[in-house]
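Please walk through this structure with me, one site at a time. Keep the sequence and the model in view.

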Amino acid sequence: MSRWSIMGEKIFHHSIPVRHAMLVDDETLCYFLSPDGDIEPAAEIRADLVIRNARGHKWIAIGHCTNFDPATGCLGHAREELEARALVRP
């Protein structure tokens, strides 16, 4: 599964609403939100979501994003940035 979308010259990481993530089953939650494919216990992910929700975060990134705003999601990356990090092919 791709963790980003290309829109023009920018690439955006996918994200999901924190409140929606709190409602999905454990298997789905771990699939989307375990960092780098490591299996993090669903209870730990859920505890993190409760904290994020209490802080007013609206979105959580699927994968690691260096330009993420929890109020609006990924703010976008220049394609060259992700190509240099070998995350996407030219």
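A residue counts as buried when its relative accessible area is under 20%, and as exposed when that area is over 50%; in between, it is partly exposed. The model is predicted.

Start with strand β2, which covers residues 10-13. Its side chains alternate. Ile11 and His13 point to one face and are buried. Lys10 and Phe12 point to the other face and are not buried. Which strand does β2 run against? Its partner is β7, residues 77-78, and the two run antiparallel. Two bridges join them. Within this pairing, Ile11 stands opposite His77 of β7.

Now stay on β2 and look at His13, which lies in that strand. Its relative accessible area is 6%, under the 20% cut-off, so His13 is buried. What does the side chain of His13 touch? It makes a polar contact with the side chain of His77, at 3.1 Å. A polar atom of the His13 side chain also lies 3.1 Å from the backbone oxygen of His64. His77 thus appears twice here: it faces Ile11 across the strands, and its side chain meets that of His13.

Next, the cysteines. How many disulfides are there? The count is zero. Cys65 is in no disulfide. The nearest cysteine sulfur to it belongs to Cys74, 3.6 Å away. A disulfide needs the two sulfur atoms within 2.5 Å, so this pair does not qualify. Cys65 is buried, with a relative accessible area of 13%. Cys30 is also buried, at 14% relative accessibility.

Move on to the aromatic rings. A pair of rings is described by the distance of the centres and the angle of the planes. The count here is one aromatic pair. The rings of Tyr31 and Phe32 have centres 5.0 Å apart and planes at 85°, so the pair is edge-to-face. Is Phe32 buried or partly exposed? At 24% relative accessibility, Phe32 counts as partly exposed.

Finish at Ala71. This residue lies in the loop between β5 (68-69) and β6 (73-74). Ala71 is partly exposed, because its relative accessible area of 45% falls between the two cut-offs. Which residues does Ala71 contact, leaving aside neighbours within four places in sequence? They are Lys58 and Trp59. His57 belongs in this picture too. The C-alpha atoms of Ala71 and His57 are separated by 5.6 Å, although the two residues are 14 residues apart along the chain.

Note on methods:
Residues numbered from 1 in each chain as written. Predicted model: local features only at pLDDT ≥ 70, side-chain atom pairs only at ≥ 80, totals over all residues. Heavy atoms only, no water. Buried < 20%, exposed > 50% of the residue type's maximum accessible area, 1.4 Å probe, protein only. Helix = DSSP H or I, 4+ residues; strand = E, 2+ residues; numbered from the N terminus. Pairing = 2+ DSSP bridges. Phe/Tyr/Trp six-rings, centres within 6.5 Å; stacked < 30°, edge-to-face > 60°. Polar contact = N/O pair within 3.5 Å; in protein donor to acceptor, adjacent residues only side chain to side chain. Contact = heavy atoms within 4.5 Å.
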